[in-house]
Structure formats: structure tokens, C-alpha cells
Amino acid sequence: MLFKSALAGATLLASAVLGASAASALTVGFSQIGSESGWRAAETTVTRQEAEKRGVDLKFSDAQQKQENQIKALRSFIAQGVDAIFLAPVVETGWDSVLEEAKDAEIPVILLDRTVAASEDLYLTAVTSDLVHEGKVAGEWLVNNVGDKECNIVELQGTTGSSPAIARKKGFEEAIAGKANFKIVRSQTGDFTRAKGKEVMESFLKAEGGGKNICALYAHNDDMALGAIQAIKEAGLKPGEDILVVSIDAVPDIFQALAAGEANATVELTPNMAGPAFDALEAYLNNGTVPPKWIQTESKLYTQADDPQKVYEEKKNLGY
Amino acid sequence: MKSRYLPLAATTLIFLLAYTLCYAQFPAMLSTRVIGNLFTDNAFLGIAAVGMTFVILSGGIDLSIGSVIAFTSVFIAVLLAGTGLHPLTVFALALVISTLFGAAMGAVIHYLEMPPFIVTLAGMFLARGMAFVLSIDSIPVAHPFYDVLQSLYWRMPGGGRLTLIGVLMLLVFLAGILLAHRTRFGANVYALGGGAATARLMGVAVGQTTIAIYALSGLLAGLSGIVFSLYTSAGYSLSAVGVELDAIAAVVIGGTLLTGGSGFIAGTFVGILITGLIQTYITFDGTLSSWWTKIVIGILLFAFIFLQKGILWVSSRNRVALDHAHGR
């Protein structure tokens, strides 16, 4: 019995002895929050792909949404002597001491997608998107495509009070500011969900004369836009023509809508935070180039002209 | 070897064997850094698990400790952010609250004759709810005294750090061992685990002991909350979810019978080290899903349940054989 239980405990450990990792140029530990959303799963997949492309040995640790697990993983990475650490922090606070340990061990830390409330000299750089900029790109697209005619806009906001909702609203408003023909006539929260997006859009349509007065819809994420497209179709209008649809995130499903002509534009929140991070890291390690404290990812605009079907095929296997 | 030492021996053997295998694959595993990390990273879990061991030895269970840890950490953060109190005063307040909380649960269990499972489940919801009432955000703790406490560590040869909270956990285990094996209270806990009726006949003050056990568990959960707060420099009501289950797992892997009456505090220590070792291995490997931690712990738990059943079965058969030999 004793032997048996000892065996059970050892099986897993022993099984991996044979598959010991081959020596490679660079070893990077990546502490990921978890896989709570499709976007995060895609971020993990892309990080793995980027590491493979560059021949980097990526040590991946999923924290299951727990900060204590992330701290443990960081300490283990330090003990292991990795060349660098990527951290997507689950909360902003409580990183000071472990980041100090990394600094003592001269291991650069790069933050992905979120930042921490710690002194800036404790990490090399942070790679994140600019949420305000995303809203601005969406707004600018609308301004450039509608021109001078009167345009009543309805807005589907993200979860009330959440930072993406606040920032994406602000950016969009900045883009249409000073253009007298653009007016946001209705704005309500759709909670970032497809079901809520549809429901709220239905009420917008009823309130605005069956939708005849609405020129465009701006949704803070693609899921709400997809729900709203459904509502527009059910109201007997053509989404993408009668009502322009612009949203943010660039999840695979919106590309199908773009391909079908039912959506007009989406701004990408790229899951590729690791690419710029690897670039900065390699420049730092090889040439000593110290990157800026903030690397902004590209907020790329996709329209119907960008071969949406092809992008859909590329994105659908990323784990969204 | 006495059969009651068998689970402890098995746990220790598994730990040593597993560590050797880890070392064979990753020589860096045998560094002072990893050992220092094992103590620091598991300090809050270890301290809470000592309390849990006493509870389980007495035949009970305490599901509230994860929530009490979260509550304590939020309580400390809120008080430090909102008042000018010194951290030490706040720590003392937190410990008093958590101890009273535990004692109250013990009293309900004893006087209302309720199952510990239900009472501490209620305690779990209560403490977590209270933490959320205090704050739903993660509150940072930025007090100079915290920096002092966090900078107290001994740099071992090889770069590893023996931190204050790591040492605190070792001391708590030491105190737990003395309390369990060298005091009247410890003897009473074991007696209670053997059965409340028998314990009463032996002259154990059952009510007093039950209340003291849960108060101790509350106290240690509070201490664990302080350690957690030092560990993360923050208070967050969503933290330490499921720590009670990790603690129970460590206690059982450490060879303590879930039915009570048999086991060792030292076993729990090895149980904690095994859990920590699995996590370290998975991070070192870097390709395994972190959920393997749970799978391996599940397998170990099953193995130990079988082991315990086997020992009980063998020892009861021996007793029958002995009785026959003596012609009774």
C-alpha cells in the first residue's frame, strides 16, 4: 500500500523526466491570469505561437484567477533562473515584494495587457492597449464615412462603471466632438453581452421611430453589436446599410458579420501582447536598449474591405 | 513500527521521493531559493492548516478559514487606510475578532449540538460576506511598518530568502506540535476525536475543549490572514477562496484520520510541503496545465484514504487474532 501510494505520487513527475526540455536560447516564464474569457484564451495561444516562432522556451503558468498562485509562479520562475518574466496581473496591488525579488535576481519583468500599482523601476515595460484610443479609432471611422449628412448615433455601453466602458465612450466622443452633424441620441449599457445588446437595441429601435431616425450604432464590444444586428434584422431593417454598425474587440464572429455585410467596422483589441513584449525583451537583452515604460499595442481597424472571411479563418482557432 | 506512525512515514517517504525525482529533472529544484519559496509561499496555508489539524483531530471540520483569512486581510487594509492606527494594534484587533468568531462557532457546535460542517459553513458565508461589506475592491496596504516587516529576511547561501512569514509558519508548527503532544489540551483533543462520550467518561470537559479548538482555529486563521496581508500587501475580499479545502487536503495527506483521534501536526507540515512541491514542479516544467496540481492532490488523497482504511482493517484483524490467542 505504501509503495502504491508512493508510486501514484511519482508517476506524473517521472513521466516528464523523459521529456526534459531541450536547451534553447531564451527561457521566459509567463504567468497568465487564467482563461476566464475568449480573449484571454486567445492571448495565451498567441503568446505560445510567438514564443515558438522565436525559438523561446516558454514556461506557462495559469493562475486560475488567484493572485497567490501568480506570486508563487513568479517566485518559482526566479528560483529556476529564467531569462525574463511576462506577467498578466490579476489585480493591481500587492506585487512590490515579489517584483523586488525579480529585480534582485536581475530578471526583467514585462507586464502584459494590464498594469500594476508598483514603482515603475520594478518592471521593464508594460504592453497594453489604449482603450480611449480604441474608441477614437471607431469614432473617426464613422466621421470619415458618413461625411456631412445628419447622423443620429445610438450607443451600447459596456458594463456601467467598468474602465473599458468609460474609456471607449470617452474616445468615441472625442472623435465626434466639434462635428455638429453627429449626435449620440441614445446611450445605454448592454453589459458587454450579446443578449443584453439585442434587448437594448430593440428598445432603441422602438424609441426612434422603428429605427428610421438612426444612422449608426456604436457598441463598446463586438458581442453587443452582434446582438444588436439581430435586433435590427428583426425590425425589418438592413444592418450595415440602413444602420451602420461599428464596434470594438475584433472577435472572430464579427468578421462573419462583416463578410455578410451586416457590420461595417471593428477595432481590434489585439491578443498579441507578447509579440511587442518579445521584441522589446530581445532588444534589451541583446543591445541593452531600454524600452519606454509603456508600449501601446496597435488598435487596428477592420472593415468589409479587409477580406473578413480570411481573418475569420485565421482567428477562429485561437481559442476565442 | 506502530501502525499509527505508518501514514506519517508514507507521507515523508513520498515527499522525499518526489523531491528526488524533481531534482533529477531540474537540478535547480535543490536550491535554497526553492526551499525558501516553499516556506514563504505556503506560510498562510501552513498556519491555517495547523488549526485545521486540531479541528480534524477532534473529529470536527472548519470550513470558515478561507473566508476568515480574506476578512482579516480586508479588515487590516481598510483600517490601515482609513485610520491612523499602528499595524500592530490592527493585528491585535484582527486576532481578537477571529478568535472570538471561532469560539462562537465552537459554542454553537457544542451547545446547540449542531454538526461542525453546517456551523462552519454558515461561518464561511458570514465572514466572506463581511469582507465584501467592508470593501469589494482590492485595497493596497502602504505602511512603512509593512516595508520593515517585509524586509526582514535572512538571505541564505545561494540567494534563497528565509522570510519573516516563513519563519512564523515554522514557529506555529513547532508550537502546534508542543500543544498537541505535551499539554492537557492536546490530550483532550485526541480524546475528543476518539468519541465525545468516551472523552466525557475520561473526565474531559467537552464543551470547554470544543470551544477552545474552534477558537484556536479562528486565531490561526486570523494569523494566517495577517500573513496573507503581508504576503500580498493588499486586502481583497475575493482572495483565499478554497484555502480551507487545501488545508483539509494537506491535513489528510499528512496522515491525520478525517474521523479524528489519530494524526500528527508534523504530518500536516509534510502535507503542505508536498502541495507546494507539486506546484513548484508544474511551474518549473512550464508546459503542464496548472490544474494538474489538483489532479495529483486528488490522487494522493485517494491513496491516503485507502491507506488509512487498510491500516484500520489490519489493526482490527490483529486485535481479533490477539483476543483469540489469549483465549478470550
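Is Ala240(B) buried or exposed? Select Ala240(B) to begin the tour, keeping in mind that this is a predicted model. Ala240(B) turns out to be buried, with 31 other C-beta atoms within 10 Å. You will find Ala240(B) in the loop between β4 (234–235) and α12 (243–253) of chain B. Its backbone is worth a look too: Ala240(B) has a positive phi of about 55°, although it is not a glycine. For background, most residues other than glycine have a negative phi.

**Next stop: a loop in chain A**

Now select Glu106(A), another residue that is not a glycine but has a positive phi, here about 60°. Glu106(A) sits in the loop that runs between α4 (96–104) and β4 (109–112) of chain A. While Ala240(B) is buried, Glu106(A) is exposed, with 7 other C-beta atoms within 10 Å.

**Where the chains meet**

Show both chains together. The contact between them takes 40 residues from chain A and 43 residues from chain B. On the chain B side, α1 (6–25), α2, α13 and α14 (292–325) each supply at least two residues. Colour that side by class and you should find 23 nonpolar, 17 polar and three charged residues.

**A helix from each chain**

Zoom in on α3 (67–80) of chain A and α2 (32–41) of chain B. The axes of α3(A) and α2(B) come within 9 Å and cross at roughly 170°. That makes the two helices, α3(A) and α2(B), roughly antiparallel. To see the contact itself, select Ile71(A), Lys72(A), Arg75(A), Ser76(A), Ile78(A) and Ala79(A) in α3(A), then add Arg33(B), Val34(B), Asn37(B) and Asp41(B) in α2(B). The residues of this contact divide into four nonpolar, two polar and four charged.

Stay with α2(B) for a moment. How many of its 10 residues are buried? Nine of them are, so helix α2 of chain B is largely enclosed by the rest of the structure. The buried residues run from Arg33(B) to Asp41(B), with Gly36(B), Leu38(B) and Phe39(B) among them. To reveal what covers these buried residues, display α3 of chain A along with α3 (43–57), β3 (161–163), α8 (164–182) and α13 (265–285) of chain B, which are included in the cover.

**Into the cores**

Next, turn to the largest nonpolar core, which has 147 residues. Which residues touch the most other members? They are Ile110(A), Ala48(B) and Val227(B). Helix α11 (residues 206–232) of chain B gives the most to this core, with 14 residues. Pick Val227(B) and look for its contacts beyond four places in sequence: Ala43(B), Phe44(B), Ile47(B), Ile165(B) and Leu168(B). Apart from this core lies another, of 46 residues, including Leu142(A), Phe172(A), Ile214(A) and Ile232(A). As a general point, nonpolar side chains in soluble globular proteins tend to be buried together.

**Last stop: Ala257(A)**

Finish at Ala257(A), in helix α9 (residues 252–259) of chain A. Ala257(A) is buried, with 24 other C-beta atoms within 10 Å. Setting aside neighbours within four places in sequence, select its contacts Leu226(A), Ile229(A), Glu262(A) and Ala263(A). Then draw a line from the C-alpha of Ala257(A) to that of Leu74(A): these residues are 41 Å apart in space and 183 residues apart in sequence.

How values were computed
Residues numbered from 1 in each chain as written. Chains lettered and ligands numbered in written order. Predicted model: local features only at pLDDT ≥ 70, side-chain atom pairs only at ≥ 80, totals over all residues. Buried ≥ 20, exposed ≤ 12 C-beta atoms within 10 Å, placed from the backbone. Helix = DSSP H or I, 4+ residues; strand = E, 2+ residues; numbered from the N terminus. Contact = placed C-beta atoms within 7 Å. Core = buried A, V, L, I, M, F, W, Y, C linked by C-beta atoms within 7 Å. Nonpolar A, V, L, I, M, F, W, Y, C, P; charged D, E, K, R; others polar. Axes fitted to C-alpha atoms, helices over the stretch in contact; angles between N-to-C directions. Parallel < 35°, antiparallel > 145°, perpendicular 65-115°, else oblique.
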